[in-house]
Every structure is written in C-alpha cells, then in structure tokens.
Amino acid sequence: MINSSIINKYIAKDFLKIILNTSLIFFCLTIILNLFEEINYFKDHDVGILVPTFMAFLRVAGLTYNLFPFIILISTVFLFTKLIHSDELTAIRSAGISNFKIILIPSFLALWIGILIIVVLSPVLSAFTEKYYNIKNEYTKNSDYLAAITVNEI
C-alpha cells in the first residue's frame, strides 16, 4: 500500500505547477493586449515607451486578480486531464484513495490560495489601480477615467 501523504504531495505539487504556468500565460497575454491598448492611448501624447509599459503593468495586476477564479478552474481541468491521460488517476484509485480524497487536495489548495490572494494581494492591487487611474487622469482631457457615483451607484 502506498502512503497517501506521498500521493497528496504529488497531486498538490502538480496542481501548484499548473496554476503557476496558467497564471504566467494569462499574465503574459494580458500584458501584451493591455500594452497595445496603452500605446494606442498614449500615441497622441509626447511620452516614451516607458509610461505605457508602466501603465500596462499596473493595470495587468488587477486584471489577473479578476481572472484568478478562471485560472483556478482551468488549472483544475488541466490537472485532472493530465491525471486521466497518464493513467495516474487509475493508479491512485487502485492504491486505495477514493475519488473524494483526490478532489479534496486541489479544493483545499484553491481555498488557501484564494485566501492568500485576498488577504495579501488585494491591498497591493488596490494601490496599483489607484496609481493607474491617477496617472491616466493626468493625460486625459475630459476625465473619462475618473470614478463617479451616480443615481445607479455606478
């Protein structure tokens, strides 16, 4: 009989690797797309490439934060697809570990990662977003990027 803690560590390690890779892919894609948007916005202003790049990095941190539930979902799908295609899921079940225990490992990891992101990254990303809008308002003519509360609370 295989020790279940070894299997738990293996699944947790694979899940964390997949989350990291998926996060990096989403981060790179949003950087590229947002960089083009910022360059397009600043084309009429006399700024170098550093200001749009800095603005893209400030904005992408918040966007990645908003995309993180989807990153976890996609990472979970990739994890179980990997386990099924490599027949590791069958081997794990034949070692005496139930499907429920297999699902609990990524669930607890996703919960702890979510708590960590909310507690640690939320204040930092809030400061990044405020900095982004303050810089953006310096270059806008009609204050489109100012936050305003209307009758609809928007």
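In what order do the elements of the chain run from the N terminus on? They run α-α-α-α, with four helices and zero strands in the chain (helices, H or I, of at least four residues and strands, E, of at least two are DSSP runs, numbered from the N terminus). This is a predicted model, in which local features need pLDDT of at least 70, side-chain atom pairs count only at pLDDT 80 or more, and totals for chains, interfaces and linings use all residues. Residues are numbered from 1 along each chain as its sequence is written, and side-chain values use heavy atoms, leaving out hydrogens and water.

**View 1. Confidence along the chain.** The average pLDDT (the predictor's confidence in each residue, from 0 to 100) is 86 for the chain, and 90% of the residues score at least 70. Helix 1 (residues 4-41) has the highest mean, 92, and helix 3 (residues 88-94) the lowest, 87.

**View 2. The largest nonpolar core.** Here we look at a set of buried Ala, Val, Leu, Ile, Met, Phe, Trp, Tyr and Cys residues joined through side-chain atoms within 4.5 Å; buried means under 20% relative accessible area, exposed over 50% and partly exposed in between, with a 1.4 Å probe and protein chains only. This core has 20 residues, and Ile7, Ile19, Phe68 and Ile92 are among those with the most contacts inside it. Helices 1, 2, 3 and 4 each give it two or more residues, and the largest share, six residues, comes from helix 1. Apart from it lies another core of five residues, including Phe42, Met55, Tyr132 and Ile135.

**View 3. The bend in helix 4.** Helix 4 (residues 99-139) bends by about 50° at leucine 121 (the angle between axes fitted to the seven residues ending there and the seven starting there), and proline 123 follows within four residues. Buried residues of this helix include Ile102, Pro106, Leu125 and Lys136. The buried residues of helix 4 pack against helix 1, helix 2 (50-85) and helix 3.

**View 4. Salt bridges between helices.** The structure holds three salt bridges (a side-chain nitrogen of Lys or Arg within 4 Å of a carboxyl oxygen of Asp or Glu). Aspartate 14 pairs with lysine 82, their closest N and O atoms being 2.7 Å apart; this pair links helix 1 to helix 2 across 68 residues. Aspartate 14 is buried, at 9% relative accessible area, whereas lysine 82 is partly exposed, at 32%. Lysine 82 also meets glutamate 88 in a salt bridge (3.4 Å, N to O), and shared partners join Asp14, Lys82 and Glu88 into one network.

Terms used
Contact = heavy atoms within 4.5 Å.
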